[in-house]
Amino acid sequence: MAGSRISEQLPPLIDRNQSPLAFGQRALPRLAAELQNPELTVRQGALAALRDLIHDPERAYETIYHGCLERLKVLLKDEDSSIRTATTEVLYLLTAHSVGREAILREDVVGCLSELLDEPVDACRRNTHLVLKMMSGFPAGVACMVSLGLVPRLVMKVAAETEDIRELVLSTLGSCMRVDTQAAQAALASDVVTVLREQLTHSSTNIRREATAAMIAISVPPQGKVKVCEEEVLPVLVQLLSDEDLEIKANAAGTIMNTAVITKGKFQSLQAGALAPLLHLVECEHRAVCANALRALTCLAEVPRAREQLLQHLPLLQTRLNHPEPIIQRASATAIQVISWTP
Amino acid sequence: MASQRYNQAPNGAYVSSTRPRPASTRPKYKDPARSQPDPAELKKQQEARRTALARKRAKEQFRLLTPEAPEGRKHKDVQTELYLEELSDYPEDASVGCQTDAFLDRPATPLFIPAKSGKDVATQIEEGELFDFDTEVQPVLEVLIGKTVEQALLEVLEEEELASLRAQQRAFQELRNAEIVEVQRLEEQERRHREEKVRRLKQQREVLENERVIAEKIAARGFAQQYLADLLPSVYNTLRDQGYFYDPVQRDIETGFLPWLMAEVDSALEKQETALTMFDTLIYDVANSRQKT
């Protein structure tokens with residue numbers, strides 16, 4: 001019979017596919033060595049073990065310290081697709097930690113990943129896009145991606161990919177354009193507005209949400225606004241204002257508010273009949289929806305014709321002044337001020 | 001496996017070892033349905049087969065032992081014995097049958113109980129003497145459930161962390177959007193106002209310019225009018241002064257008649273003059289000549 005004291009550790013061989021971990025400090029160097037092993041099963045086992053370890057930030061740091069990223073870069077070009085999928089998954093888990101992200105930037109893993117964008121295996125592509133999505137959350141990552149010329153490629157991939165991957169690509173594009181203006185320029189050069197407009201009418205809610213989020217981001221720089229007016233996206237956006245999902249409504253209102261800053265945008269929005277839905281949205285309880293709708297009305301109220309119509313709805317806006325959120329208070333105050341302005 | 005050393009299994013696991021034990025001597029289990037005969041029986045069968053084969057071969061050999069008869073001679077079988085004997089390959093045999101009696105039911109052999117010898121000792125493990133299941137299982141369960149729950153908790157924590165990060169990001173995004181739009185709107189407004197101002201100023205300036213030009217034109221016109229008001233009379237006066245307007249008869253008289261008259265008068269006078277001069281000279285001459293004489 002075994003000893004009477006029961007160990008606090010989990011038993012060593014839970015998952016048969018994982019290679020067993022050495023004790024303490026030897027664990028990661030051994031795994032790093034196993035990653036280079038020419039045997040397929042050994043590499044797979046090492047990757048599976050690494051995947052479970054990397055959730056812990058300490059272990060992630062150790063992984064990077066022992067130079068596993070170099071090996072992972074080599075494995076990205078491996079012939080076996082399961083290895084590539086597992087490697088991309090490990091990289092995705094690494095990006096959850098900031099040390100991982102920095103290391104990925106330092107070792108220029110993004111370049112190797114960009115070659116996997118055309119990968120035939122779905123799971124591998126999905127993981128690649130997940131990594132890119134995480135990397136696009138901060139300025140240095142976006143700068144790296146722009147310098148590698150990934151933004152135009154991603155724009156082209158939007159139409160070509162399957163649904164769930166398309167979501168990821170759209171959200172990556174959205175974050176890129178939000179963070180860095182150069183990315184926005186690059187995207188505008190590759191006709192991103194046209195591509196996004198097609199996605200706005202997609203049947204899946206997630207895709208529409210991501211597309212509208214990207215739209216907001218692209219309508220911030222002035223060229224973007226001009227492009228949005230040119231491509232006649234505003235009627236589609238006005239339609240989306242009546243969509244069921246709250247976030248989509250918020251994003252659509254936000255895009256209208258951004259585009260209505262330029263004169264052409266104002267007139268196009270009024271032509272598309274944006275006033276009535278926006279007024280309806282002001283009463284919504286969701287913070288983003290209400291705030292964006294108020295600001296869109298503010299921008300539109302600079303047109304005299306719209307101002308006349310909005311003067312009738314002033315009481316509605318005044319009810320919003322007492323909202324607990326400071327954003328909404330400010331927005332409604334500005335809106336009332338602009339509407340009541342006389343030359 | 002009978003004995004194991006400390007070694008590494010192919011998957012890299014360190015397996016424990018057991019104390020070396022001698023191999024057990026119990027006979028191997030054989031499935032009666034598909035059993036092969038004992039090796040001894042097998043050997044016997046093989047021997048029998050081999051002897052039969054040898055006998056056959058010997059017989060054949062024996063048959064070919066006598067050589068063929070040379071030319072002109074012939075072999076003939078001759079009996080050398082007294083009595084005729086029928087030789088044949090097959091020995092005489094007679095069939096005899098025998099049959100055992102049918103099996104009678106035999107009563108079962110009574111259980112052989114050997115005579116009791118030695119001391120009887122019995123032992124019995126009551127419930128609760130070896131171990132108490134409830135207390136023993138507790139630490140095992142604790143570890144199992146604790147580990148599972150801990151793992152689950154870690155995963156949930158991670159997800160929650162991510163979710164709260166996302167929520168924070170979203171709030172920040174909204175704020176940022178707000179500020180950006182405000183800034184842009186005000187910028188745009190400012191730009192529009194500025195442009196409007198510039199345009200109005202330009203317009204104003206143009207209007208002023210126009211007015212000035214018009215005023216100048218009016219002034220110039222007035223001045224010109226005034227200047228040219230007495231142009232006509234002065235022109236006429238000048239012309240008249242310069243003699244452009246003339247009475248033709250008068251002019252004619254002046255230009256034609258009077259010069260002719262003057263010329264005639266002049267010639268007449270000249271004639272007179274010459275005549276007088278001639279008279280003077282005559283008189284002088286006469287006077288001179290008179291004097292001289």
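This is a predicted model: local features need pLDDT of at least 70, side-chain atom pairs count only at pLDDT 80 or more; totals for chains, interfaces and linings use all residues.
**Close-up 1. A salt bridge within helix H2 of chain B.** Arg212(B) is partly exposed, at 47% or less but over 20%: its relative accessibility is 43%.

Methods
Residues are numbered from 1 along each chain as its sequence is written. Chains are lettered from A and ligands numbered from 1 in the order in which they are written. Side-chain values use heavy atoms; hydrogens and water are left out. Buried means under 20% relative accessible area, exposed over 50%, partly exposed in between (1.4 Å probe, protein chains only).
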